[in-house]
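Here are a few exercises to work through with the model open beside you. Try each one before reading its solution.

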Amino acid sequence: MGRYVVRRLLQMIPVFIGATLLVFLMMYALPGDPVRALWGERSVDEAQIAAMKADLGLDLPLWQQYLNYLLGLFRGDFGTQIASGRPVIDVITSALPATLRLTALAFLITVVLGVGLGVIAGLRRGGKTDRAILFVTLLFISVPVFVIGYLYQVFFAHNLGWARPTVQDPTAWSQLLLPALVLASLSLAYVARLTRTSVAENKRADYMRTARAKGLTGRRAVSVHLMRNSLIPVVTFLGVDIGNLMAGAIVTEGIFNVNGIGSAVYRALSYREGATVVGIVTFMILVYLVVTLLVDLLYAVLDPRIRYA
Amino acid sequence: MPDVPMKATPEAATLKATQPAVPVPVDERPDSGPAPGKPRSLWSDAWHDLRRKPSFLISAGLILLFLTIAAFPGLFTDASPRDGDLTQFYLQKPQLTHFFSPEWLGYDAQGRSIYARIIHGTRASIIIGLTVTAIVFVLGSLVGMLAGYFGGWVDTVLSRVVDTFMGIPFLLGAMVILVSFDVRGPMVISLALAVLGWTTIARVMRGSVIQVKQADYVQAARSLGAGTSRILLRHILPNAIAPVIVVAMIALGGYISAEATLSYLGIGLADPAVSWGGDINFGKDSIRVASHVLIFPSIMLSATILAFLMMGDAVRDALDPKLR
């Protein structure tokens, strides 16, 4: 187990370097000069620009800039915003709590509703309930998240008055519920369909017949034997999905006016704040890599046949 | 796809190559059709099932309709999607009985006919969806096939490359690529989505090839002296491609959704290009007084995505003998 973790960590290094390098290159290929832009319409003092660039390390060749960035990451330095001089890690830590709360709530909804609906549909495969769940989840997948967002906003907030149309206080869970439902809708539908397929397949497995034959009640056979085997593909998906939920927050946070990572990265993109974008995307890549590792380790817990040497 | 919009389609990914890979002998087939003794291929078997499946027929009909609209928008409306008349048409409500006339679905805040706009917006979405799928299909299959067939260091290197691209969030990555372009046409958007989207296909193809390459007929071909390219193209590719096609079909809907999301965020197609995502963004400002500006492009967009998803679902079920 220990050796497996070490090997996986070593494998993650080239992936991390590659992914951050790609984002770094994309961002610095942007036309325009962020330092010069600070002067706006005013007359430009070339010496001042040169000094400022030297200060920020922007006068170095691109590969050296990237190397400096990578080395900075090990010290927890995600770069510095050019316009404000604020460290990017500050931007991340001040925006993160709202996004984490939103993502956690959406994740909870995805797991509870998604797995729940999936098990119900899978156990009644071909029945009316199954078909209804399939249809509803298909709708959730085909209607894009931003459309669902506005529909919910108009219906639940404006028409019914059950919720606030925008989030005023991102520490209040009750206000985050509506955006979390929107954010979760797509994942929920995928998880429900995936669970359904998995449950329906495993229901006919030999071990289920054995479980019944030795006299287990239906409830116990399903909750202990069927669930544990059916959840393996679902767990993989859920792991990858945490990253997707965080990235999907760009749209949801915009609709409901949540001041989180998604809004921060969207603002940075529209102002072409390269350093902030690269910093936040790097952070998301890290989250994705850590979560995929955790999912792989979780396999061994769910399926004792998998043993990591 | 993921994805927001784009996520790896999990269900499709669970369709492993085992099922379509090995041709089932006729006598073992539960429903061996009218001509015993004459083995039907996997695809003709699937076609036999699909022809009688309502969800397949509906989605095929819808897709045909959308393709026709995309190719010949002039057949459906004479009105221009760009001409606005502010004095007469500001946010005018739909006239639901005036079928197919410019005022049918109402007007937006610039006095432009919404019916004309959703008809003319179809082309961009369809073109981008098809282009991304085509690029992703070719690139992903190629990489997946090489990694799966050769294994060893080729597989190690290619798999790390796939992992690298997978680590970048799909929508965010596309946004980062696209902000650096001043003019964003359908081709640029397609390329941005394809660069980040091909990994899903590559993974499915790799898994599929790994399972197929151990089959007896591949061993037989090799012992008869077939070269690598012949084995790959004639024996492995046809037998490993089925799950890839299903994933690509479902992903197509995801790419259309991703394009709409980008245009909605203002980082995709922009005026004067007509796109559903851009119109939805435009409609959100007047959502409380004139919801029709947002609703109708949303319906077109969702119906298109739904059609491709349903098609992919139906084809997967038809190809999957476990569900028979």
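**Exercise 1.** How much area do chain A and chain B bury between them, and what share of it is on carbon and sulfur atoms?

*Solution.* Keep in mind that this is a predicted model. Begin with the total: chain A and chain B bury about 4400 Å² between them. Next, take the atom types: 73% of that area is on carbon and sulfur atoms. Now look for the top contributors on chain A. A:Met26, A:Phe146 and A:Tyr150 supply 14% of the area that chain A buries against chain B, more than any other three residues. Finally, count the participants: 47 residues from chain A and 50 residues from chain B take part in the contact.

**Exercise 2.** Find how many salt bridges and polar contacts cross the interface of chain A and chain B, then describe the side of chain A that touches chain B.

*Solution.* Start with the charged pairs: one salt bridge is found across the interface. It is formed by the side chains of A:Arg193 and B:Asp313, at 2.7 Å from N to O. Then turn to polar contacts, where four residue pairs are found across the interface, both residues being at pLDDT 80 or more. Next, ask which helices of chain A are involved. Those that each supply at least two residues include H1 (2–28), H8 (173–203) and H10 (218–256). Helix H1 of chain A gives the most, with nine residues. Last, sort this side of chain A by residue type: 34 are nonpolar, seven polar and six charged.

**Exercise 3.** Is A:Ser187 buried or exposed, and which side chain does the side chain of A:Ser187 meet in a polar contact?

*Solution.* First place the residue: A:Ser187 sits in helix H8 of chain A. Its relative accessible area is 0%, and because buried means under 20%, A:Ser187 counts as buried. Then check the partner: the side chain of A:Ser187 is joined to that of A:Asp241 by a polar contact of 2.7 Å.

**Exercise 4.** Set the UniProt annotations beside the model's secondary structure.

*Solution.* For chain A, the unreviewed UniProt entry lists "transmembrane region" spans, among them 100–120 and 172–192. Residues 100–120 of chain A are 100% helix, with end C-alpha atoms 29 Å apart. Residues 172–192 of chain A are 95% helix, and here the end C-alpha atoms lie 28 Å apart. For chain B, an unreviewed UniProt entry gives residues 122–312 as "domain: ABC transmembrane type-1". That stretch of chain B is 82% helix and 0% strand, with 20 Å between its end C-alpha atoms.

Terms used. Residues are numbered from 1 along each chain as its sequence is written. Chains are lettered from A and ligands numbered from 1 in the order in which they are written. This is a predicted model: local features need pLDDT of at least 70, side-chain atom pairs count only at pLDDT 80 or more; totals for chains, interfaces and linings use all residues. Side-chain values use heavy atoms; hydrogens and water are left out. UniProt positions are given in the numbering used here, feature names are shortened, and annotations may be inferred rather than shown by experiment. Helices (H or I, at least four residues) and strands (E, at least two) are DSSP runs, numbered from the N terminus. Buried area is the accessible area (1.4 Å probe) that two parts lose on being put together, summed over both. A salt bridge is a side-chain nitrogen of Lys or Arg within 4 Å of a carboxyl oxygen of Asp or Glu. A polar contact is a pair of N or O atoms within 3.5 Å; within protein, one must be able to donate a hydrogen and the other to accept it, and residues adjacent in sequence count only if both atoms are side-chain atoms. Ala, Val, Leu, Ile, Met, Phe, Trp, Tyr, Cys and Pro count as nonpolar, Asp, Glu, Lys and Arg as charged, and the others, Gly among them, as polar. Buried means under 20% relative accessible area, exposed over 50%, partly exposed in between (1.4 Å probe, protein chains only).
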